[in-house]
Amino acid sequence: MLILRYAIYRFATMLLTLLVVSVLVFVIINLPPGDYLSNQIAELRASGQEAGVAKAEFLRKEYALDRALWEQYMIWVGFMPGPNGFSGLIQGNFGWSFEFDQPVSEIVGESLWLTVLVNLAAVLFVYIVALPLGVLAAAKSKTWIDYTSAFVGYLGLATPNFLLALILFYYGHKYFNLPIGGLMDPAYEGQPMGWDKARSILIHLIVPTFVIGTSGASAMMQRLRANMLDELGKPYVETAIAKGMSPSRMLAKYPLRVAFNPFVADIGNLLPAMVSGSVLVSVVLGLQTIGPTLLTALKTQDQFLSAFVLMFVALLTLMGTMISDVLLVLLDPRIRYEGRDA
Amino acid sequence: MPPLLSVENLSIGFGKGEAVVRDVSFALNPGETLALVGESGSGKTVTCRAVLRILPRVAQIRSGRISLHTGGKTLDLTGLSERRMRDVRGNQVSMIFQEPMRSLSPLHRIGNQVSEVLWLHRGASDSDAKRQVLDTFERVGFPDPERAFRSYPFELSGGMRQRAMIAMAMVAKPDLLIADEPTTALDVTTQAQVLGLIKDLQRETGMGLILVTHDLGVVANMAEQVVVMHRGAVMESGAAEAVLRAPAHPYTKQLFNAAPSIPAEASPAPPLDKEDLILELKHVSKTYTMRAGSAWRPDIQIHACRGIDLKLPRGKTLAIVGESGSGKTTAARIALGAEPPDPGGEVLFRPDPNRDAVTVHAMTRAQRTAFQREAQMVFQDPYSSLSPRMRVLDALTEPLEIHGIGTRAERRDRAAAMLQQVGLSGDMLQRYPHAFSGGQRQRLSIARAMMLDPSLIVCDEPTSALDVSVQEQILTLLEDIRDRMGLSYLFISHDLAVVARIADEVAVMRQGLVVEQAPPDTLFYNPKHPYTKALIAAQPTPDIDRPIDLKLVALGAGAPESWPDAFRFSQTVIPSLTELEPGHKVRCNV
């Protein structure tokens, strides 16, 4: 019951935060002078293409870019009727991309879900790799196991992702016949989801997951190792040994449970770091994720497209922190019982 | 009959360094208690951990044998494989640790942690284990075993946690229990009850007990055999009675002389002359509000101090004694102006007998600066109250710098002179605190407090983190500079025996109230209040003829609602502090 109430409360604060983020995103995008259309109009005027100017002027009206900034914001979110009535983010209209001359929803469409997929795979990879290695490195600290895993970890941290991507592509293709680039066989692009398509996506996921996840995994592993080492020196560990527990059982039951907290709390930070950090990787690997789109949109001041992508990343972050907060409350009685009468 | 445990010529070393335990031998018979006595660094803890082989990874047993004789078999604990050793731990030999706060996992329920022993060694089912654990909980004195079973450690008090630890150690009915300073972190009345409990359990089960302690008073109450250790070697060993009545080794004698104790016989002292007061607390109360965190529940009011009136005459020492949570530290913080009292309370400070007193909590900026020069503090923990990144010179001269006193050279000379005053050498100025022992650090803290030439020093448990022999030296130093420089002390302590020697007047606090107040000798001669009686009775003295009187402890240490009618108080009805004889006040209904 307590958990449910907390989850609801946490969800409400998330929505509030999202609202604040939307204001920030909108203001920041509009900070540089000019917008996509006024730049275009100036360009068209200079080259004497008056016909294009008329269309651009029409778009300006259509998307209320001629109004005051706060009105533009209200219309964009959908709090205020625009030229076409209520039609903003909350009504499901993500706006128009001037650069691609298409609705934003069509441009991001599939890549939205592929982004989520790639990053979830990477997060999973981070946890699956970091958990056993971190615990092992702590339990066998100052032995060759510890040193080797630290060395490999630092190597993973220090290697630029795109370089790692290229190396993996080369050798992956040479020895395992892994596909190069993209997130699916080109034949399946634009096709409805099916068994074969899913399989193709999975195979294509291997290298990107590895590339995006490596640095995160080695950082996480080092953090877990440090936390575990702190816990291993605590008296309750000694108590457990004095009870006659075997080392593996003792490790899993006591220090790991305590060292797990920061591990869980990191979920929130991992997601956005990966989305923004994987832009370069996506460009190099030719992944149809949202990263490259964001890059183009920001460069060309394509405001609705970039605002939407930024909002999406913010949403991922907030959901990540919400999930980790709720998990923490489930895991740690000290947090759960806070504010309850002693 | 062979002894239950015999340790022969045990030597233990860390890495390649010199051995920290050298050639230690002792034997323990079934049902007996052996006390391992020594100060920090004596190797007593390492020795007892070697029995269970739970030493730090860098430590190795270099030579010697530890053998356990049980059930007609002899186990060589030094040679046993790690896997076989696991069957011994928690099963035949179990252990209680010093810090009940940190020795239990914060994330697992008490019931789970205790049942685990039975799961491991008896293969007990959940329901079977639970039944046995509940029995043990009842035996160790949990009022509501079911509830304790479901509790997390942070929901229990320190004494209750130590009971849970004892239950964990006892649930598998071991042949040998090792208790490593089991009561050092507890209040003195709780200590008495926990020691009594261990003794009862031992009588019931007939197990052997190794008690590691630094407190000869605890030894006198518990042990049949004593082993005194110093720097890794045994100084003296033998029957407790013989050693305690006539210690032979000079080191044992030194420990004896240093052990603070309440005098066996006291005569009433004349009341303290209260004409020239340096500090006066008038009707000081402090209420903290704990937010309930919900709009539906009322906030909780915590009364840390309730109507405290204290007078400290110039050049004297006033001690406030009480257990943790009694409000003694809050009172000291208010006296120093670190916290404001509730409205209506007042603290008056008179640095000069010929001038008017200033009100500590209504000072101008200039008055406050002057006050800070006059009133200084010595803290409890010498390890965390000195910045590890500041040289001794910087730590000592900083107060002078803040108040803009003297030139660099003058400050430096003063710091060097002050080091000599506290018994250190002037050429230590360039060192960092880590190069000093605990006692030396406390000397540094005292030197720092003395730098501004104050007239009042508040000492907050200045010796409770120190070994007994060091404690003795620090107390001597404090007395010495008080008399030499005409200082006045407000001395906070949980230990009546420490206070017995340094204080001119003692105020005993319980739940934010002063329950009894008198010169220490009067207090020991004629304690009136049940709580004071409990404190005196619970104090372990290194005298085998004066055992702890658990009945008196139980009478006074319980909740104030359980006291006799004349003394009882509740949230609403509180008897007033009445002067029964000159200079002796007791909170009671006459």
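Four residue pairs are in polar contact between domain 1 of chain B and domain 2 of chain B, both residues of each pair being at pLDDT 80 or more. A polar contact here is a pair of N or O atoms within 3.5 Å; within protein, one must be able to donate a hydrogen and the other to accept it, and residues adjacent in sequence count only if both atoms are side-chain atoms. On the side of domain 1 of chain B that touches domain 2 of chain B, α2 (82–88) and α7 (188–205) of chain B each supply at least two residues. The most comes from α7(B), with nine residues. Helices (H or I, at least four residues) and strands (E, at least two) are DSSP runs, numbered from the N terminus. By type, the residues of this side of domain 1 of chain B are nine nonpolar, five polar and six charged. Ala, Val, Leu, Ile, Met, Phe, Trp, Tyr, Cys and Pro count as nonpolar, Asp, Glu, Lys and Arg as charged, and the others, Gly among them, as polar.

The model is predicted: local features need pLDDT of at least 70, side-chain atom pairs count only at pLDDT 80 or more, and totals for chains, interfaces and linings use all residues. Residues are numbered from 1 along each chain as its sequence is written, chains are lettered from A in the order in which they are written, and side-chain values use heavy atoms, with hydrogens and water left out.

Chain B is divided into domain 1 (5–92 + 174–257), domain 2 (103–173) and domain 3 (277–587), with bounds from an automatic or database domain assignment. The centres of domain 1 of chain B and domain 2 of chain B, taken over C-alpha atoms, are 25 Å apart. Between these two domains there is one salt bridge (a side-chain nitrogen of Lys or Arg within 4 Å of a carboxyl oxygen of Asp or Glu). Arg139(B) forms a salt bridge with Glu204(B), with 2.7 Å between the closest N and O atoms.

The table sets out two contacts, where contact means heavy atoms within 4.5 Å and buried area is the accessible area (1.4 Å probe) that two parts lose on being put together, summed over both.

| Parts | Residues in contact | Buried area | On carbon and sulfur atoms |
|---|---|---|---|
| Domain 1 and domain 2 of chain B | 20 residues and 14 residues | about 1400 Å² | 65% |
| Chain A and chain B | 27 residues and 32 residues | about 2700 Å² | 57% |

In chain A, Glu238(A), Ala242(A) and Lys243(A) lose the most area to chain B, together 21% of what that side buries. Three salt bridges are found across the interface of chain A and chain B. Lys253(A) forms a salt bridge with Glu116(B), the closest N and O atoms being 3.0 Å apart. Twelve residue pairs are in polar contact between the chains, both residues at pLDDT 80 or more. Helix α9(A) gives the most to the side of chain A that touches chain B, with seven residues.

UniProt, in an unreviewed entry, lists "transmembrane region" for several spans of chain A, including 201–221 and 307–331. Such annotations may be inferred rather than shown by experiment. Residues 201–221 of chain A are 100% helix, with end C-alpha atoms 28 Å apart. For residues 307–331 of chain A, also 100% helix, that distance is 36 Å.
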